[in-house]
Amino acid sequence: MNPEQILFILFGAVSLIGAIAVISFRHPIYSALSLIVTFFAQAGLFILLGAHFVAAVQVIVYAGAIMVLFLFVIMLLNLGTLSAKGAISGKLKGFAVILGILLAIEGVYIAVKAPNDPADASAETAIESVSTTTYNIGELLFNEYLLPFEVTSLILLAALIGVIVLVKRESQEES
Amino acid sequence: MALEYYLVLSALLFTTGVIGVLIRRNAIIIFMCIELMLNAANLAFVAISRSLGEASGQVFVIFVMAVAAAEVAIGLAIIVSVFKHRQTINVDEVNSLKG
């Protein structure tokens, strides 16, 4: 076993355990903290894949900004007291888990099967050699993907206006 | 490391998110599971981008993150306003569109 395999198993196991902890803890705060662990482990996987910029963005945007928003809302609404009971639906839980396991088997089958197509025979050799830098990403982002990049800014603007409208309507009804 | 390992891990993480959406009734935890699924897709994007030897997949990951940030902001605002009206965010109890 080389160090890369050991690190992959370590980060992969941590992210999977964190993901399972997210859906099994009853208290939302514990779920949010497990999700942060999962995000950090995935940042480690991104670094293993040579995607350093994406790993940094993952830590800053997901583990930093988005999870702070989650924790802020959980603490603002004080959800710990009311959500302890009936947090997991009982009736169809077994059915949902069986369907999920079926989906996992299908996904694993596709993931193992698909790269073995003869067209992608060189995929395994390529994965060791190429490294993508922030320079490459920036060049693609501002040349080939310039229009999607600008549309992304419109999406963020729409989200900003949407949130302001939602909150403003609340305060008008109260006053 | 071969591409398959990353794709299998991505599939397992995605499935965990799907099961979470199906069995949990707390709207905030359902949101977290959606984030898990988006992250599993990001992992597959980066792994395939590495395997093909070009950076396009990582550019798409950045787009996915921007959409996820917008979605979380809107979704949490909706959850807060639903909680103000109904004093609960259990999705079984919040079952009508009328405010």
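Start by colouring chain A by secondary structure: from the N terminus on, its elements read α-α-α-α-α-α-α. You should count seven helices and zero strands there. Keep in mind throughout that this is a predicted model.

**Stop 1: chain A as a whole**

Stay with chain A and colour by burial. Of its 175 residues, 26% are buried. If you draw a contact map, consider the contacts with a separation of 6 or more: 54% of those in chain A join residues 24 or more positions apart.

Now select A:Leu102, which you will find in helix H4 of chain A. Is this leucine buried or exposed? A:Leu102 counts as exposed, because it has 11 C-beta neighbours inside 10 Å. For a sense of distance, add A:Gln5 to the selection: 97 residues separate A:Gln5 from A:Leu102 along the chain, and their C-alpha atoms are 27 Å apart.

**Stop 2: chain B**

Hide chain A and bring up chain B. Its elements run α-α-α from the N terminus on, giving three helices and zero strands. Turn the C-alpha trace along its principal axes and you will see spans of about 50 × 25 × 15 Å. The radius of gyration of chain B is 17 Å, whereas a compact globule of 99 residues would come out near 13 Å.

Colour this chain by burial too: buried residues account for 55% of the 99 in chain B. On its contact map, residues 24 or more positions apart supply 46% of the contacts with a separation of 6 or more.

**Stop 3: the surface between the chains**

Show both chains again and select the residues in contact across them. How many residues does each chain bring to the contact? Chain A puts in 72 residues and chain B 63. On the side of chain A that touches chain B, the elements giving two or more residues are helices H1 (3-24), H2 (28-48), H3 (52-77), H4 (93-113), H5 (123-129), H6 and H7 (146-174) of chain A. Highlight H3(A) in particular, since its eleven residues are the largest share of that side. Colour the side of chain A that touches chain B by residue class and you get 52 nonpolar, 16 polar and four charged residues.

**Stop 4: B:Leu43**

Next, centre the view on B:Leu43, in helix H2 (residues 27-52) of chain B. B:Leu43 is buried, because 26 other C-beta atoms lie within 10 Å. Which residues does B:Leu43 touch, leaving aside its neighbours within four places in sequence? From chain A come A:Gln42 and A:Leu45, while chain B supplies B:Tyr6, B:Leu9, B:Ser10 and B:Leu13. Then select B:Ile74 as well: B:Ile74 is 31 residues from B:Leu43 in sequence, and the C-alpha to C-alpha distance between the two is 24 Å.

**Stop 5: a crossing of two helices**

For the last stop, select helix H6 (residues 134-142) of chain A together with helix H3 (residues 56-86) of chain B. Their axes come within 9 Å and cross at roughly 70°. H6(A) is therefore roughly perpendicular to H3(B). Look at the handedness as well: H6(A) passes H3(B) in a right-handed crossing.

Show side chains here. On the H6(A) side, pick out A:Ile137, A:Leu140 and A:Leu141, which meet B:Ser56, B:Gln58 and B:Val59 in H3(B). By class, this contact between H6(A) and H3(B) consists of four nonpolar, two polar and no charged residues.

Terms used: Residues numbered from 1 in each chain as written. Chains lettered and ligands numbered in written order. Predicted model: local features only at pLDDT ≥ 70, side-chain atom pairs only at ≥ 80, totals over all residues. Axes fitted to C-alpha atoms, helices over the stretch in contact; angles between N-to-C directions. Helix = DSSP H or I, 4+ residues; strand = E, 2+ residues; numbered from the N terminus. Parallel < 35°, antiparallel > 145°, perpendicular 65-115°, else oblique. Left-handed = near helix turned anticlockwise from the far one by under 90°. Contact = placed C-beta atoms within 7 Å. Nonpolar A, V, L, I, M, F, W, Y, C, P; charged D, E, K, R; others polar. Rg over C-alpha atoms; globule rule 2.2 N^0.38 Å. Buried ≥ 20, exposed ≤ 12 C-beta atoms within 10 Å, placed from the backbone.
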